[in-house]
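Colleague: Could you take one part of this model and go through it closely, setting out what surrounds it and how far it is covered? I would rather have one connected account than a list.

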Amino acid sequence: PSVPRHTNRLVNEKSPYLLQHAHNPVDWYPWGQEAFDKAKKENKLIFLSVGYSTCHWCHVMEEESFKNKEIGEIMNKNYVCIKVDREERPDVDKVYMTFVQATSGGGGWPMSVWLTPDLKPFAGGTYFPPEDGVHRVGFRTVLLRIAEQWKENKDALLENSQKILEALLHVSEVRVQGQESPPPSKEVMATCFQQLSNSYDEDYGGFSKSPKFPTPVNLNFLFTYWALHRTTPEGARALQMALHTLKMMAHGGIHDHVGQGFHRYSTDQHWHVPHFEKMLYDQGQLAATYSRAFQISGDKFFADVVQDILLYVSRDLSDRAGGFYSAEDADSYPTTASGEKREGAFCVWAAEEIRALLPDPVEGATEGTTLGDIFMHHYGVKETGNVSPMQDPHQELKGKNVLIVRYSPELTAARFGLEPGRLDALLQEGRRRLSAARAQRPRPHLDTKMLAAWNGLMISGFAQAGVALGEQEYVSRAARAAAFLRRHLFDPASGRLLRSCYRGEDDSVEQSAVPIQGFLEDYVFVIQALFDLYEASLEQGWLEWALQLQHMQDKLFWDPKGFAYFSSGADDPSLLLRLKNDQDGAEPAANSVTVTNLLRAACYSGHTEWVEKAGQILAAFSERLQKIPIALPEMARATAVFHHTLKQVVICGDPKGEDTKEMLRCVHSVFSPNKVLMLADGDSAGFLYRQLPFLASLERKDGKATAYLCSNFACSLPVTSPQELRGMLCP
């Protein structure tokens with residue numbers, strides 16, 4: 001390749017997103033002291049651009065503006081320009097996104113913000129077209145206008161930025177008011193259920209018309225609601241809403257029927273035409289949610305989807321060393337000869353391509369039927385393409401098809417006079433051939449950054465799938481990834497987690513010159529993963545590490561005055577605000593998940609102050625939980641776990657014994673949102689026996705594996721049959 005005309009400081013970074021901008025004519029700096037010092041010394045404003053590598057509009061703004069030499073010159077002359085990967089620095093992103101949302105009424109990426117030399121925001125937006133249009137000001141104009149303002153009325157601008165900061169501090173504060181106690185769980189659960197029920201789409205599932213997001217936090221709430229109200233009509237409806245949504249998503253185009261895994265979200269009501277990027281955090285959460293659906297319903301359909309997601313992650317998002325990559329992009333080159341990328345190019349099909357790949361006549365079907373006919377019928381393929389122009393504003397998918405399951409296997413078989421039993425193998429053969437054809441296409445960009453938080457979510461997905469499906473290899477994969485975190489994203493000297501590491505040139509794992517310290521979400525999702533991994537593997541080392549990390553999380557992030565945890569530590573002077581995220585979105589808010597973590601930690605350690613902290617978090621978010629719990633479904637779910645007290649399920653037995661394994665299988669086969677599993681193996685020098693003296697008093701009855709159900713360290717009578725145990729777990 002030719003030598004690039006421009007190179008800026010991003011060339012020394014590790015983030016794939018920052019490296020994408022290393023040859024822009026813009027003199028980009030990474031977020032850090034060098035840029036801040038330059039702004040102060042030269043008394044220049046800062047232009048901050050925040051995005052991530054799978055963000056479609058980020059690519060568009062780069063192509064239109066950041067690769068434009070003239071715009072680059074205006075930027076370099078008037079500003080110190082800083083580029084941030086929001087996945088590396090969610091803290092920086094959150095501070096300035098809070099500003100953009102408060103001042104423009106909307107937010108999103110790419111985020112464009114103008115800051116004073118002391119990092120205070122005073123103007124911002126998201127995507128700007130390069131030149132003025134009918135309805136919007138162009139980026140060039142905004143750059144020139146703001147530079148002019150800075151020259152003419154610097155003092156007014158500085159004063160204004162100070163006022164903005166004070167207002168932001170005020171609106172973004174989440175704190176306990178007076179002596180609040182946790183909100184009443186019954187009411188919070190009922191309101192959240194009602195709000196979800198009212199926004200539910202009866203036909204296609206999901207909780208909005210369009211766009212539609214695969215919100216695992218909503219589905220997990222509904223499973224817990226069902227478990228606590230199994231015999232009521234509301235409980236039945238909660239389960240029906242969750243399972244129907246999961247079925248419709250799996251049939252839809254948001255699910256990659258040829259390459260496995262799930263795309264980010266659907267642009268329409270039918271889960272049909274997605275935004276095609278695939279994110280690790282979606283795969284991790286969906287693997288866990290589909291595992292729960294299988295555990296509850298026993299329907300093999302859901303187990304198949306779990307296996308599909310984990311196949312995708314194992315094959316396409318796994319590093320040799322055991323970690324998981326962040327994402328695959330939506331845009332790619334349609335063919336090796338193409339000059340420009342298109343959204344979805346890797347995943348979509350023209351009807352004639354499918355006909356050519358599947359020309360075989362099918363024996364036993366109606367005269368003249370080919371494999372292509374059956375496949376195209378089942379997956380809704382149309383000769384002229386099956387994407388409506390409404391869903392395709394840039395005409396990138398014209399004439400193409402996004403596969404979506406349109407009929408039940410019975411209906412498709414009947415349509416072609418086939419034995420219903422034969423259809424599965426025919427569709428599988430079709431998918432196999434399409435997959436081989438797709439492997440010849442240029443792949444979308446892979447973001448090989450490895451993040452502690454998202455790896456945590458994925459470890460939970462593998463561990464929970466291993467338990468629900470009885471697949472030991474999934475538990476082993478989870479353990480490999482946890483060992484990876486311990487080796488590459490943990491600093492044993494300080495006891496702290498690191499946020500990110502990267503795939504190097506020769507597939508080695510690399511760290512940046514100054515590693516980014518872990519944020520609250522890194523601790524919370526990793527601790528959750530370690531608890532899930534302990535329950536799946538019963539290796540006490542994971543528990544011990546989880547409890548150490550919980551102590552560290554308390555030290556770094558707890559707010560002793562207003563309660564709950566801040567998203568970032570106190571040790572970064574460049575951060576203007578320490579915020580608390582109050583929304584369970586594509587990922588759950590860290591404070592929501594940490595409530596359940598703290599309750600589990602208390603069960604494994606006997607530290608009751610963790611139960612107290614859990615209650616204090618719920619108190620800090622009390623008002624929001626009572627008014628709009630639909631914004632915090634994971635925290636609403638945790639109010640029930642807090643209220644009903646976790647039950648310790650203790651199995652006393654030899655981990656290698658068949659009787660012990662049978663008892664464990666029984667525990668794993670039941671969905672019970674407020675149970676914590678532990679194995680008392682009789683090793684009194686082991687970690688658990690040292691933490692929990694009461695375990696020493698529990699013994700095996702008649703030498704058989706024995707289960708006890710304990711609450712607040714008081715235990716039920718012993719049971720030795722899995723049937724009895726099941727009865728206790730499902731009252």
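Modeller: What follows looks at one helix in detail and then turns to a single residue elsewhere and to an annotated span. The model is a predicted one, and the part I have chosen is helix 14, which runs over residues 371-378. This helix is mostly covered, with 7 of its 8 residues buried; the buried residues are L371, G372, I374, F375, M376, H377 and H378. As for what covers them, the buried residues of helix 14 pack against helix 13 (351-357), and also against helix 15 (409-415) and helix 16 (420-438). After helix 14 comes G380, a residue whose phi is positive, near 65°.

A single position in another helix can be set beside this description. A638 is found in helix 24, which spans residues 633-644, and A638 is counted as buried because its relative accessible area is 0%, where the cut-off for buried is under 20%. If its neighbours within four places in sequence are left aside, A638 is in contact with S592, V595 and T596. L538, by comparison, is 100 residues from A638 in sequence, and the C-alpha atoms of A638 and L538 are 24 Å apart in space.

Finally, for the annotated span, an unreviewed UniProt entry places the feature "domain: Spermatogenesis-associated protein 20-like TRX" at residues 7-168. In the model, residues 7-168 are 49% helix and 17% strand, and the end C-alpha atoms of this span lie 36 Å apart.

How values were computed
Residues are numbered from 1 along each chain as its sequence is written. This is a predicted model: local features need pLDDT of at least 70, side-chain atom pairs count only at pLDDT 80 or more; totals for chains, interfaces and linings use all residues. Side-chain values use heavy atoms; hydrogens and water are left out. Helices (H or I, at least four residues) and strands (E, at least two) are DSSP runs, numbered from the N terminus. Buried means under 20% relative accessible area, exposed over 50%, partly exposed in between (1.4 Å probe, protein chains only). Contact means heavy atoms within 4.5 Å. UniProt positions are given in the numbering used here, feature names are shortened, and annotations may be inferred rather than shown by experiment.
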